[in-house]
Amino acid sequence: MTSRLSSQEVGASLSSELSDEDLMKLIAEGSQPAFAVLYKRYSPILLRFCSRMLNGDVALGADIVDEAMFEVWGSAGKFAGKSKPSTWIHSIARNKLIDFLRKNSDSKIDKALLKISMDESEPSAEIGLVE
């Protein structure tokens, strides 16, 4: 049985103890402290992933990560729990990145070469671009 946590219980001392699932429940209820914990937990991983796919453009990668995390904030109530929160968050970031590449690239993305792993420790990917 899972105990219900309030926003006040989400503090610096508890941040490493809360599961992603607990954080998602709190975020769905509008908890900004829970979102801050989740953001700090995932933004470095997502930033490495996005900037690597953008040829090292960290600033642009950070913009895409911010967009993805903003969507996490707005859609937390729609998270159904059918996958791990980490998979869901990485999928949102991947989709934001693909959208950016489609809109801003002179090249076309070769879907057959698009292989993106959602490994929790470090997402890895290969994107094939065809001129």
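1. K96 is partly exposed, with a relative accessible area of 22%. The model in which this residue is placed is a predicted one. The side chain of K96 meets that of E71 in a salt bridge, at 2.9 Å from N to O. This pair links distant parts of the chain, with E71 in helix α3, K96 in helix α4 and their positions 25 residues apart in sequence. The partner, E71, counts as partly exposed as well, at 32% relative accessibility. Both values lie between the 20% under which a residue is called buried and the 50% over which it is called exposed.

2. How many salt bridges does the structure hold? There are 2. Besides the pair E71 and K96, R41 forms a salt bridge with D20, and here the closest N and O atoms are 2.5 Å apart. Since R41 belongs to helix α2 and D20 to helix α1, the pair ties together parts that are 21 residues apart in sequence.

3. Are the two partners of the bridge between R41 and D20 buried or exposed, or in between? R41 is partly exposed, with a relative accessibility of 26%. D20 has a value of 14% and is therefore classed as buried, the cut-off for that class being under 20%.

4. As to the overall architecture, the protein chain contains 4 helices and 2 strands. Along the sequence these elements follow the pattern α-α-α-α-β-β. Of the 131 residues in the chain, 38% are buried. The accessible surface amounts to about 7900 Å², and carbon and sulfur atoms account for 50% of it. Where contacts between residues at least 6 apart in sequence are considered, 50% of them join residues at least 24 apart.

5. Helix α1 spans residues 20-28, and its buried residues are D20, D22, L23, M24, L26 and I27. D20 in this list is also the salt-bridge partner of R41. What covers these buried residues? The cover includes α2 (32-53), α3 (58-75) and α4 (85-104). Just after α1, G30 takes a positive phi of about 95°.

6. A second positive phi deserves attention. Most residues other than glycine have a negative phi. N55, although not a glycine, has a positive phi of about 55°. Where does N55 lie? Its place is in the loop between α2 and α3. With a relative accessibility of 78%, N55 counts as exposed, the cut-off for that class being over 50%. A reader examining the backbone may wish to view N55 with G30, whose phi is also positive.

7. L54 lies in the loop between α2 and α3. At 10% relative accessibility, L54 counts as buried, whereas N55 counts as exposed. Which residues does L54 touch, leaving aside those up to four places away in sequence? They are L60, G61, I64, L97, F100 and L101. For one of them, L97, the separation from L54 is 43 residues in sequence and 8.8 Å in space, C-alpha to C-alpha.

8. L47 lies in helix α2 and is partly exposed, having a relative accessible area of 26%. Not counting residues up to four places away in sequence, L47 touches V58, G61, A62 and V65. G61 is also among the residues touched by L54. The C-alpha atoms of L47 and A93 are separated by 9.4 Å, and the two residues are 46 residues apart along the chain.

9. On the surface, D57, D63, D66, E67 and D99 form a negative patch. Which element gives the largest share of this patch? It is α3, with 3 residues. D57 is placed in the loop between α2 and α3. That loop also holds L54 and N55. D57 is partly exposed, at a relative accessible area of 34%. The loop thus presents a buried residue in L54, an exposed one in N55 and a partly exposed one in D57.

Technical notes
Residues numbered from 1 in each chain as written. Predicted model: local features only at pLDDT ≥ 70, side-chain atom pairs only at ≥ 80, totals over all residues. Heavy atoms only, no water. Buried < 20%, exposed > 50% of the residue type's maximum accessible area, 1.4 Å probe, protein only. Contact = heavy atoms within 4.5 Å. Patch = residues over 30% accessible without salt bridge, like charges linked within 9 Å, V, L, I, M, F, W, Y side chains within 5 Å. Areas by Shrake-Rupley, 256 points an atom, 1.4 Å probe, with all protein chains shown as cover. Salt bridge = Lys/Arg side-chain N within 4 Å of Asp/Glu carboxyl O. Lys, Arg positive; Asp, Glu negative; His and termini not counted. Charge placed at Lys NZ, Arg CZ, Asp CG, Glu CD.
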